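Here are some notes to read with the coordinates open. They go point by point, beginning with charged pairs and ending with the surface.

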Amino acid sequence: MYGNCYTFNDKNSSNLWISSVPGVNNGLSLTLRTEQNDFIPLLSTVTGARVMVHERDEPAFMDDAGFNLRPGVETSISMSKEAVDRLGGDYGDCTKNGSEVPVENLYNTKYTQQVCIHSCFQESMIKECGCAYIFYPRPEGVEFCDYKKHNSWGYCYYKLQDAFSSDRLGCFTKCRKPCSVTIYKLSASYSQWPSVTSQDWVFQMLSRQNNYTIKNKRDGVAKLNIFFKELNYKSNSESPSVTMVTLLSNLGSQWSLWFGSSVLSVVEMAELIFDLLVITFLMLLRRFRSRYWSPGRGGRGTQEVASTPATSLPSSSCPYQASSSSFPPDPAISPALSAPPPAYSTLGPHPAPTGLAEASASAHAPGEP
């Protein structure tokens, strides 16, 4: 799409260009020939060059993150590095290496969201059109689209591109953000180059160095300077706002604030509650035993004995015979009763039956009262 493309400090490069001092004079300086006469009008209507700064193990997507260089202008780009570390799992929707993303990485490079999106589009292209798009890498066993073999692949591509732009393919939903990202923030400054007084000898020097004659003069060259603004970087990392330790600490602080208590107070309160439960249980148990296990004690036991009829008394009880003596029998010689003690409040002197009085009178000798 952009013609000749070059990459400095590629991941496969054996010799790396290293900058150890910040400043415009300690970075990468390029003089580019734009060669407008060689441009293909159907591919691009813009003149100049396009530049992108990216990580060594990431592919360059010029349409997504590049910037243009204007011919006849010196562009100075200062860089500052920024690292972003996101929390995955329950804290955010990101992936560490893309292993859980349901899209195959066709670039065989480090996972990025753009890598995933382009791979997802290529998979949809192969599935719908039967061939691979020429500007994206293809998997093994699949050939690129060719009008000789695939007559309608152009119509299929534009139809698929419309569905991709409206996210009907689901690529933007499937491709999650990486948890660790390195970003280069750029700031640009521009100036006319070369100046009016120096353009003659500048073009002459360029022609001698490269054995190349610049026909269009100012419109045929552009200059680029890329350098580090400062030799440090900014790191933004996410951390849980509330952990288990901070949660317990906040709960303890709120408890102490509203209840004025400490650990000893909580233990004493728990001990008090336990003692109250034990005392309540013992009192209920004692009340239950006195009511149901000892019927001779308490008001209920008295009521039951008082309401028992005389005929239901045990047969072993031996009431003493009535006599003229009003003294009660000696308790020492009274037989032991197996029945519960009677309710004395209901007992009293009863008149003897008539038959028993007559029999007693006839048993006395004549002349006795």
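1. With which residue does Asp-93 form a salt bridge, and how far apart are the closest N and O atoms? The partner is Arg-176, and the closest N and O atoms of the two side chains are 2.7 Å apart. The pair links distant parts of the chain, since Asp-93 lies in the loop between strand S4 (73–85) and strand S5 (94–95), while Arg-176 lies in the loop between H4 and strand S6 (177–178), 83 residues away. Asp-93 is exposed, because its relative accessible area is 58%, whereas Arg-176 counts as partly exposed at 21% relative accessibility. Please keep in mind that this is a predicted model.

2. The structure holds four salt bridges, and two others can be described alongside the one above. Lys-149 forms a salt bridge with Glu-143, with the closest N and O atoms 3.3 Å apart; Lys-149 counts as exposed at 57% relative accessibility, and Glu-143 as partly exposed at 35%. Arg-168 forms a salt bridge with Asp-162, with the closest N and O atoms 3.1 Å apart; here Arg-168 is exposed, with a relative accessible area of 56%, and Asp-162 is partly exposed, with 46%.

3. Glu-58 deserves a separate look. This residue sits in the loop between strand S2 (49–51) and helix H1 (62–65), and it is buried yet has no salt bridge, the nearest side chain of opposite charge being Lys-110, 4.0 Å away. When its neighbours within four places in sequence are left aside, Glu-58 is in contact with Lys-110 and Thr-112.

4. Helix H2 (113–129) has 17 residues, which should span 24 Å at 1.5 Å a residue, and its end C-alpha atoms are indeed 24 Å apart, so the expected and modelled values agree. Its buried residues include Val-115, Cys-116, Ile-117, Phe-121 and Met-125, along with polar ones such as Ser-119 and Gln-122, and the buried residues of H2 pack against H1, H3 and H4. Just after the helix, Gly-130 takes a positive phi of about 85°.

5. Helix H3 (153–165) has 13 residues and reaches 18 Å from its first C-alpha to its last, close to the 18 Å expected. Among its buried residues are Trp-153, Cys-156, Tyr-157, Leu-160 and Phe-164, and what covers the buried residues of H3 includes H2 and helix H4 (171–174). H3 is followed by Asp-167, whose phi is positive, near 60°.

6. Thr-182 belongs to strand S7 (residues 180–192). With a relative accessible area of 19%, Thr-182 counts as buried because the cut-off for that class is under 20%. Leaving aside neighbours within four places in sequence, Thr-182 is in contact with Glu-55, Lys-81 and Glu-82.

7. On the surface, Met-1, Tyr-2, Ile-40, Leu-42, Leu-43, Ile-134 and Phe-135 make a nonpolar patch of about 750 Å². Phe-135 is found in the loop between H2 and H3 and is partly exposed, with a relative accessible area of 45%.

8. As for the chain overall, the protein has nine helices and eight strands, and buried residues make up 22% of its 369 residues. Of the contacts with a separation of 6 or more, 63% are between residues 24 or more positions apart. The accessible surface comes to about 27600 Å², of which 56% belongs to carbon and sulfur atoms.

How values were computed. Residues are numbered from 1 along each chain as its sequence is written. This is a predicted model: local features need pLDDT of at least 70, side-chain atom pairs count only at pLDDT 80 or more; totals for chains, interfaces and linings use all residues. Side-chain values use heavy atoms; hydrogens and water are left out. Patches are made of residues with over 30% relative accessible area and no salt bridge: like charges are joined within 9 Å, nonpolar side chains (Val, Leu, Ile, Met, Phe, Trp, Tyr) within 5 Å. Accessible areas come from the Shrake-Rupley method with a 1.4 Å probe; for residues, only the protein chains shown count as cover. Helices (H or I, at least four residues) and strands (E, at least two) are DSSP runs, numbered from the N terminus. Buried means under 20% relative accessible area, exposed over 50%, partly exposed in between (1.4 Å probe, protein chains only). The expected span of a helix is 1.5 Å times one less than its number of residues. Contact means heavy atoms within 4.5 Å. Lys and Arg count as positive and Asp and Glu as negative; His and the chain ends are not counted.
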